Amino acid sequence: MADACDTAMIRVWDPLIRIGHWVLVAGFATAYLTEGEPQWLHSFAGYAVAVTVAIRFLWGFVGPRRARFSDFVTGPARVLSYLRDLATGRAERHVGHSPAGGGMTVALLFALALTALSGMATLAVEEGQGPLAGIVTAQSLPAWMAEEEDAYERGEHGEGGEAFAEIHEFAANATLLLILLHLVGVICASRTHGENLARSMITGRKRAEG
Ligand code: HEM
Ligand code: HEM
């Protein structure tokens, strides 16, 4: 029986998903831990995250079946009922993303994109550097934020810089929170179904359905 399980493996995650996943892990960890300094390393890691997320969004429309958003994006009702079942150990096994895994995938991609874009905006406003230089300026801030900005010390970050830096820091921490939930989800689902989902993200293979 064990042999049958071992041999009945199918390819689920294509190389782009897998390499992209581990680039995101390394890029986020490096960017988070460097906290902006040294700037070349921080930006390099952040750009790696941004490019990977952009490619993953496109792959979600043109990639193979398990990579497509249409394969795993469901409504909140299905996500909630899956989470309820997971809590009671009765969750149905999914070969691709589960409803909660699919929701987390979309949430992580948006949170990572917001973090990287707000970082580029901070760099553009503070230093006039990076891909958003000249596109995002202190004047891009909505009026209510610009007023808040007056409450900060303008000297340290330049006009507008502090507000973007605050957004960037908030986005980075919100993403970290999602990542922690993501890890809890991966561990719970792995235990419920007696399989190592993290290993599948390396090998790309999972036990066949049934
Ligand atoms: C910076 C940390 C991390 C980020 C940003 C992240 C992000 C993501 C994203 C975006 C996906 C969706 C994959 C796709 O469809 O393209 C995913 C799936 C997955 N990640 Fe992570 N991840 C992180 C850390 C980890 C770690 C440390 C592990 C292993 C312990 C892990 C295990 C998995 C697994 C198993 C899946 C597939 C979930 C499923 O079976 O539905 N992740 N992750
Ligand atoms: C998605 C990955 C990224 C993560 C997780 C991340 C995380 C962080 C964190 C935690 C800080 C320290 C915040 C604080 O305590 O003030 C920071 C600062 C900074 N980041 Fe990022 N970052 C990312 C991407 C980027 C990118 C792509 C850029 C620009 C190209 C960038 C530019 C900056 C700058 C200029 C600062 C200094 C802000 C200040 O003056 O306080 N970041 N980042």
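1. Let's start with the core. In this predicted model, the largest nonpolar core holds 21 residues, and the ones with the most contacts inside it are Val49, Leu112, Ala116, Ala121 and Ala124. Four helices, α2, α3, α6 and α9, each put in at least two residues. Helix α6 gives the most, with 8 residues. Have a look too for a second, separate core of 5 residues, which includes Tyr82, Ala91, Ala100 and Met104.

2. Pick out Ala121 if you want to see one of those core residues at work. Which residues does Ala121 touch, once you ignore residues up to four places away in sequence? They are Leu132, Val136 and Phe164. Phe164 turns up again further down, as one of the buried residues of α9.

3. Now step back to the whole chain. You should be able to count 10 helices and 2 strands. Reading from the N terminus, the order is α-β-α-α-α-α-α-α-α-α-α-β, so don't skip the strand that follows the opening helix or the one that ends the run. There are 210 residues, and buried ones make up 25% of them. Among contacts with a separation of 6 or more, 62% join residues 24 or more positions apart.

4. How far does the predictor trust all this? The mean pLDDT of the protein chain is 91, and 90% of the residues reach 70 or more. Residues 1-5 are the stretch to treat with care: pLDDT stays under 50 there, and the model gives them 1 contact beyond four places in sequence.

5. Helix α3 covers residues 39-62. It has 24 residues and reaches 34 Å from its first C-alpha to its last, close to the 34 Å expected at 1.5 Å a residue. Its buried residues are Ser43, Ala45, Gly46, Val49, Ala50, Thr52, Val53 and Arg56. What do they pack against? The answer is α2 and α6. Val49 is worth a second glance, as it is also on the list of residues with the most contacts in the largest core. As you read along the buried positions, keep a general point in mind: an α-helix has 3.6 residues a turn, so residues three or four places apart point the same way.

6. Helix α9 runs from 161 to 193. Its 33 residues should span 48 Å at 1.5 Å a residue, and because its end C-alpha atoms are 48 Å apart, the model agrees with that figure. The buried residues here are Gly161, Glu162, Ala163, Phe164, Ala165, His168, Ala171, Ala172, Thr175 and Ala189. Just after the helix, Gly194 takes a positive phi of about 60°.

7. Two other residues of α9 deserve a stop. Gly185 lies in this helix. Is Gly185 buried or partly exposed? It counts as partly exposed, because 18 other C-beta atoms lie within 10 Å, while 20 or more would make a residue buried. Leaving aside neighbours within four places in sequence, Gly185 is in contact with Ala100, Gly101 and Met104. The C-alpha atoms of Gly185 and Gly101 are 7.6 Å apart, although 84 residues separate the two along the chain.

8. His193 is in α9 as well. With 16 C-beta neighbours inside 10 Å, His193 is partly exposed too. Its C-alpha atom is 6.6 Å from that of Arg93, which is 100 residues away along the chain.

9. On to the ligands. Ligand 1 is surrounded by 21 residues, with Phe28, His97, Gly101, Leu197 and Ala198 the closest. The elements that give two or more residues to this shell are α2, α6, α9 and α10. Which one gives the largest share? That is α2, with 7 residues. By type, the shell divides into 13 nonpolar, 7 polar and 1 charged. Notice Gly101 again, the partner of Gly185 from point 7.

10. Ligand 2 has 25 residues around it, and Ala31, Gly36, Gly46, Gly119 and Ala172 come nearest. Here the elements giving two or more residues are α2, α3, α6 and α9. Helix α6 gives the most, with 8 residues. The split is 12 nonpolar, 10 polar and 3 charged. You have met two of the nearest residues already: Gly46 is buried in α3, and Ala172 is buried in α9.

Definitions and conventions:
Residues numbered from 1 in each chain as written. Chains lettered and ligands numbered in written order. Predicted model: local features only at pLDDT ≥ 70, side-chain atom pairs only at ≥ 80, totals over all residues. Near = placed C-beta within 6 Å. Nonpolar A, V, L, I, M, F, W, Y, C, P; charged D, E, K, R; others polar. Expected span 1.5 Å × (residues − 1). Buried ≥ 20, exposed ≤ 12 C-beta atoms within 10 Å, placed from the backbone. Contact = placed C-beta atoms within 7 Å. Core = buried A, V, L, I, M, F, W, Y, C linked by C-beta atoms within 7 Å. pLDDT = per-residue confidence, 0-100.
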